[in-house]
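Here are some friendly notes to read alongside the structure. Take the points one by one, and keep the 3D view open as you go.

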Amino acid sequence: MVALTLLALSCAVLFLLPLAPALLEWLRPSDAAPLNVVREYGGQINHFATSFQRFVKTQLQPFLDQAVSDGTQVEGSLPNGGQLIALPSNSKLRQKGQEANARETTQLILGAGDLTLPSSHIFSGEIYAHGALCGGSSLILRAALATGDIRLGAETYVLRWLHADGKAMLGESSRLYGRVSAGQLLLLGAGSRFGRMYAPRIEFSPLAPPAPVSQFQTLHRIKTLETPDQVRSSGDGRWLVKGDLVVADETWHRGHLIASADLRVGAGAFIAGSVKGNRNVLLNVGSRVHGSVVAGARVVMERNSQAMGPIVAEDMVEIGAGCVVGTPGHPTTITAPRIRIAPGAVVHGSVWAREEGEVLA
Amino acid sequence: MPKLTLRLFPAIARTIAVGLALASCQLYAASSSGEEPAPVVPITLPVMQDFPTYYGDAVPPKQSLRIKPFSEWQPLPSKSGFVSSQLPQISNETTVVALALLLLVFSLIVVYTLRHYYFTVNRLFGRQRHPYVDIDMADWPTVTVLIAAHNEEAVIANSLEALLDVEYPPERIRLMPVNDRSTDCTKEIIDRYVARFPGRITPFHRSGGKPGKSAALKDVCELVDSDVIIIFDADYVPGKGLIKQLVAPFLDPENGAVMGRVVPLNTGSNLLTRLLDLERSGGYQVDQQARMNLHMVPQYGGTVGGVRRAALESIGGWRDDALAEDTDLTYRLLLAGWKTVYQNRSECYEEVPESWPVRVRQIMRWAKGHNQAALRYAVRLLFSRGVSFAERVDGLLLLGVYAMSPLLLLGWGLAIFLFYCVSNQWLSGALIMFALMSYGALGNFAAYFEISAAVYLDGNRNRIRLLPLNLFGFLISLLAIARATWNQFFFDWLLRRSLVWDKTVRYRQPGATPAPSEAPPGLRHQAGRLG
C-alpha cells in the first residue's frame with residue numbers, strides 16, 4: 001500500500017513539476033500587463049525637436065534670460081544633474097582648457113540668438129539656437145535645433161537629430177545618422193549619407209533641377225497606351241498584367257498599372273495613376289507618374305523623370321539627376337532600405353532610408 | 001473549369017486511395033509479427049512475389065508493381081493477413097477505409113505542423129517586410145472610419161474621443177459610428193458627440209434590417225463615398241498615428257485591404273485572458289507577419305483594418321449572408337486580384353473574453369464563418385489563374401484551419417477504433433505516431449513554438465511560463481470548433497437555421513479609459529528590434 005502511494009505521489013510530482021512555473025505565474029502574476037502600445041506618438045520626424053523646444057521653453061528659459069541680461073556666458077545645471085551653458089546673442093563659446101584641448105563639449109548649449117560653433121569639434125550634448133546656427137567643417141553633433149537657419153560645413157556628423165525652422169544646409173560628405181528636418185529647405189552636399197529627412201524641398205548638392213514641363217503642353221502629342229496581352233482590367237483603368245509590362249515611349253494611360261514582374265515606363269510616357277512592379281520598376285528619361293511608384297525590389301528613376309506620389313521599394317530606390325519627386329503643394333515620401341540620389345534631384349517631402357541613404361558624389 | 005474539376009476528382013480520389021493502400025502493404029510487411037501465419041517476407045519492391053494483397057487472387061507480376069483499376073478491386077479474402085478485422089461485426093473493407101482516412105488525417109496534421117514551423121522560422125530569421133510603415137507624407141486619400149456599435153454604451157465614448165484625436169487631415173476623414181439596433185444609451189452618447197463636434201461625425205443609426213455586422217456594413221457602405229473605409233469595433237481605442245498607418249498601404253494600387261494588429265487590453269483579468277493574450281501574440285506577431293513576409297495571404301480581420309472602396313465595389317460589396325465577413329472579404333479580394341496587407345506595427349487595444357462561455361461562443365461563430373468561406377472559395381481558389389502558388393497553398397490551408405479540429409477528433413476516434421479492431425501490430429506504431437503528431441499540432445512543438453517566438457519578439461518574458469496551460473485552451477477550442485462544425489453541417493443546414501448574431505461581451509465600465517502608454521519610440525517592444 002505504501003509502495004503504491006509512493007508510486008502515485010511520484011507520478012503526481014513528475015506530472016506537476018513541469019507545470020510548476022506555469023502554476024506559480026498563474027497564481028502570482030509577474031508579467032500580466034498588456035503589451036505596450038504607443039498611442040501618443042504620431043511618428044512625426046520633428047517629434048524630438050518639438051519635445052526639446054518645449055523643454056527649453058518651460059525649463060531653461062531663465063538661463064537664456066540671464067545670459068541676455070548679463071551679456072555673458074552663463075553656466076548652470078539641469079534637474080537631472082547635467083550641465084548647460086547659455087550664451088547671449090552672437091557671442092563665442094568659451095571653453096575650459098581641458099575641453100578645448102579635447103575638442104569636445106559635453107554640456108547642453110543654449111544660444112539666445114545666432115550661434116556659431118567651432119570646426120572640428122564634438123558636441124555630445126544638445127544644442128539650441130534661438131536664431132541661426134552656423135558651424136565649420138568636421139563637426140560631430142548629438143542633436144541641434146535652430147529657430148532660424150542651420151549652416152554646417154563639410155563632413156558634419158549628426159548622431160540623433162537636427163531641425164531648423166528655416167533652412168538647413170549641410171556640406172559635402174556629411175553623415176546624418178538620425179533625423180534631419182527643416183521648415184523650408186534642406187540642402188545636402190554630394191557624397192553625404194543619410195537616414196531619415198524631411199523638408200518641403202530637399203535639394204541634393206546645389207544644382208537647380210530643370211523646370212517641369214506642363215502636362216497639358218505634351219499630352220495632346222502623345223498616344224494612348226494600347227492594352228497589353230494577359231491583362232486583367234477593372235472599370236477604373238486599373239490594369240493587372242501577368243509578367244512584365246512595358247509602357248511604350250511617348251504614350252499615356254489613365255489608371256493604375258500593376259505588373260507581376262518588371263514594369264518599365266518608357267521615355268516621355270505619362271501615367272495618370274500609380275504604377276507597381278512586383279519586381280523592378282524603371283521610369284525612363286522624362287517619364288512622369290502622377291501617383292505612387294511601388295516596387296517589390298527596386299525603383300530606378302532615370303534623368304528628368306517625375307513622380308508625384310510616394311516611392312516605395314523593398315530593396316532600393318535610385319533617383320537620377322533632374323528628377324522631381326512630389327510637388328510643393330503635395331509633399332510625399334520616398335522609402336526603401338537603400339536610397340541613392342544623384343546631385344540635382346529634388347524631393348518635396350520625406351526621404352527615409354531604413355538601412356542607408358546616399359547622395360552620389 | 002468546374003467540369004474539369006468534376007472529372008479530376010474521382011481520379012484523384014482513386015489515386016490517393018490506391019497509394020495509401022499500397023503504402024499500407026509495405027508498412028505491414030515491414031513490421032508484421034502477428035500470430036497468424038502471415039507471410040513474413042521482408043519486402044523490397046522488385047521481389048514482391050507470392051505476397052497476398054487486397055487485389056484478391058490476382059497477384060502482381062514479378063519485378064513490377066501494377067495498380068489495378070478501382071473498379072476491379074475485389075473483396076478481401078478473410079485470411080489475407082492485411083488489416084484483417086478481429087471483430088466479426090467489422091468487415092475488412094471497413095478497416096481499410098478507416099486506415100486510409102487515418103493516414104489522410106495524419107498527413108494533414110503533418111502539413112499544418114510544418115506550416116507552423118515554417119512561419120515561426122521565417123519570423124525569427126527571415127527578411128521582414130514592412131514596406132509601407134515609413135510613409136509619413138503623401139496626398140492622403142479620403143477616409144471614412146466606421147465604428148461598429150451594438151449596445152456599446154460602455155465603450156463608444158472612448159473610441160470616439162480617440163478617433164477625434166488622430167493625426168490625419170481633418171478635411172479628409174469622416175467618423176461614422178454605425179449604431180446597429182442598440183437598445184442601450186449608445187445612440188444618445190453618439191448624438192452628444194455629434195453635437196459637440198459638428199461636421200466631424202456622421203452617425204448612422206440602424207433600427208431594423210438583418211442583424212449582424214456584415215448586414216450593417218452593407219447598409220452603411222451605400223452612404224460612403226470616400227476612397228478608403230477603415231473599420232473599428234466600438235471597444236477599440238486607436239492611437240494618434242494609427243489611421244495614417246492603416247491608410248498608407250492603399251497608396252499601393254495593388255492593395256485592396258489592410259489589417260493591423262489587435263492587442264488584448266484586459267490581459268491581467270484572469271487565466272483565460274492571459275492565455276488569449278499568448279494566442280493572439282502567436283496569431284499576429286508570427287502567423288500574420290510571416291504571411292506578409294512570404295507574400296502569402298494575410299487575413300483581413302474585420303476590425304483595426306480597412307478596405308479600398310473601389311476594391312469593395314469591384315467584388316460586389318459586403319455579403320450580408322457571410323458569417324465571417326472578414327474571411328469572406330479576404331478571399332473575394334484575393335480572387336479578384338487584390339492583395340491584403342498586414343501592418344504589424346499598427347497596433348490597437350481590444351478586449352478579449354473574460355469567461356469561457358463567451359470565449360466558446362466567439363470561437364464557434366468564427367468556426368462557422370470560416371467553414372462557410374471554405375466551402376464557398378476553396379475550389380475557386382484552387383483553380384484560380386490570377387493567384388500565385390504560395391497564395392494558393394496558404395489560402396487553402398488557412399481556409400481549412402477550422403476544419404482541422406473535427407478532423408483531429410475523427411483521427412483520434414479512428415486510431416482508437418483501429419487499435420481495438422485490427423490485429424496488425426504496426427497500427428499501434430501508427431497510433432503512437434498519430435498521438436505524437438496530435439500533441440505537436442495541439443501544443444508543444446508547433447503552435448507552442450510559434451507562441452514562444454511571438455512572446456520573445458514582443459519583448460515579454462515571464463508570461464511565457466503560462467505556455468503549458470495553453471493546452472487546456474486548445475482542447476476547449478478543439479471541442480468548441482468541432483461542435484460548431486457539427487451543428488453547422490447537421491443542424492443549421494438541414495433545418496435551415498439562420499445564425500443568431502452573438503455579440504461579444506464588453507467588460508470595461510462606462511467612462512473607464514484604457515491603459516495609456518507614453519513610452520518613447522525608442523523604448524517600444526519588437527518594432528525597433530526587427531525593423
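1. Is Q73(A) buried or exposed? Please keep in mind that this is a predicted model. With a relative accessibility of 12%, Q73(A) counts as buried, because buried means under 20% relative accessible area. To find Q73(A), look in the loop of chain A between α3 (47-70) and β1 (74-77). Setting aside neighbours within four places in sequence, the contacts of Q73(A) are I85(A), A86(A), L87(A), P88(A), K92(A), L93(A) and R94(A).

2. Now move along to S77(A), which sits in strand β1 of chain A. Its relative accessibility is 40%, so S77(A) counts as partly exposed. If residues up to four places away in sequence are not counted, S77(A) touches F63(A), G82(A), Q83(A) and L84(A). You can also try the distance from S77(A) to D65(A): the two are 12 residues apart in sequence, and their C-alpha atoms are 15 Å apart in space.

3. Next come two residues with a backbone angle to look at. In chain A, S138(A) is not a glycine, yet it has a positive phi of about 55 degrees. S138(A) belongs to the loop between β7 (133-135) and β8 (140-146) of chain A, and at 27% relative accessibility it counts as partly exposed. In chain B, V304(B) is likewise a residue other than glycine with a positive phi, here near 50 degrees. The place to look for V304(B) is the loop between α7 (271-293) and β6 (305-308) of chain B. V304(B) is buried, with a relative accessible area of 0%.

4. Let us step back to chain B as a whole. How many helices and strands does chain B have? Its secondary structure comes to 16 helices and seven strands. Chain B has 531 residues, and buried residues make up 55% of them. Consider also the contacts in chain B between residues at least 6 apart in sequence: 80% of these join residues at least 24 apart.

5. A useful idea for the next two points: two packed helices are described by the angle between their axes and the distance between the axes. Start with helix α10 (residues 356-382) and helix α11 (residues 389-399) of chain B, which pack at an angle of about 155 degrees with their axes 9 Å apart. Angles over 145 degrees count as roughly antiparallel, and α10(B) and α11(B) are therefore roughly antiparallel to each other. Their crossing is left-handed. On the α10(B) side, the contact is made by H370(B), A373(B), A374(B), Y377(B), A378(B), L381(B) and L382(B), which meet R392(B), G395(B), L396(B), L398(B) and L399(B) in α11(B). By class, the residues of this contact are nine nonpolar, two polar and one charged.

6. Now try helix α14 (residues 447-458) and helix α15 (residues 470-492) of chain B, whose axes come within 12 Å and cross at roughly 125 degrees. That angle makes α14(B) oblique to α15(B). The crossing of α14(B) with α15(B) is right-handed. Here A447(B), Y448(B) and I451(B) in α14(B) meet N470(B), L471(B) and F474(B) in α15(B). The contact of α14(B) with α15(B) has five nonpolar residues, one polar residue and no charged ones.

7. Finally, look at the aromatic rings. A pair of aromatic rings is described by the distance of the centres and the angle of the planes. Over all chains, the count comes to 11 aromatic pairs. One of them joins Y117(B) and F449(B), a tilted pair with 5.6 Å centre to centre and 50 degrees between the planes. Y117(B) lies in helix α2 (residues 92-125) of chain B and F449(B) in helix α14 of chain B, so the pair ties together parts that are 332 residues apart in sequence. Y117(B) is partly exposed, with a relative accessible area of 29%, and F449(B) is partly exposed with a relative accessible area of 29%. In chain A, look for the aromatic cluster formed by F52(A), Y128(A) and W161(A).

8. One last place to visit is E171(B), in the loop between α3 (156-164) and β2 (173-180) of chain B. Its relative accessible area is 63%, so E171(B) is exposed. From C-alpha to C-alpha, E171(B) and R200(B) are 8.7 Å apart in space, with their positions 29 residues apart in sequence.

Technical notes:
Residues are numbered from 1 along each chain as its sequence is written. Chains are lettered from A and ligands numbered from 1 in the order in which they are written. This is a predicted model: local features need pLDDT of at least 70, side-chain atom pairs count only at pLDDT 80 or more; totals for chains, interfaces and linings use all residues. Side-chain values use heavy atoms; hydrogens and water are left out. Axes are lines fitted to C-alpha atoms, for helices over the stretch in contact, and angles run from 0 to 180 degrees between N-to-C directions. Helices (H or I, at least four residues) and strands (E, at least two) are DSSP runs, numbered from the N terminus. Angles under 35 degrees count as roughly parallel, over 145 as roughly antiparallel, 65 to 115 as roughly perpendicular and the rest as oblique. A crossing is left-handed if the near helix is turned anticlockwise from the far one by less than a right angle, and right-handed if clockwise. Contact means heavy atoms within 4.5 Å. Ala, Val, Leu, Ile, Met, Phe, Trp, Tyr, Cys and Pro count as nonpolar, Asp, Glu, Lys and Arg as charged, and the others, Gly among them, as polar. Rings of Phe, Tyr and Trp (its six-membered ring) pair if their centres lie within 6.5 Å; planes under 30 degrees apart count as stacked, over 60 as edge-to-face and the rest as tilted. Buried means under 20% relative accessible area, exposed over 50%, partly exposed in between (1.4 Å probe, protein chains only).
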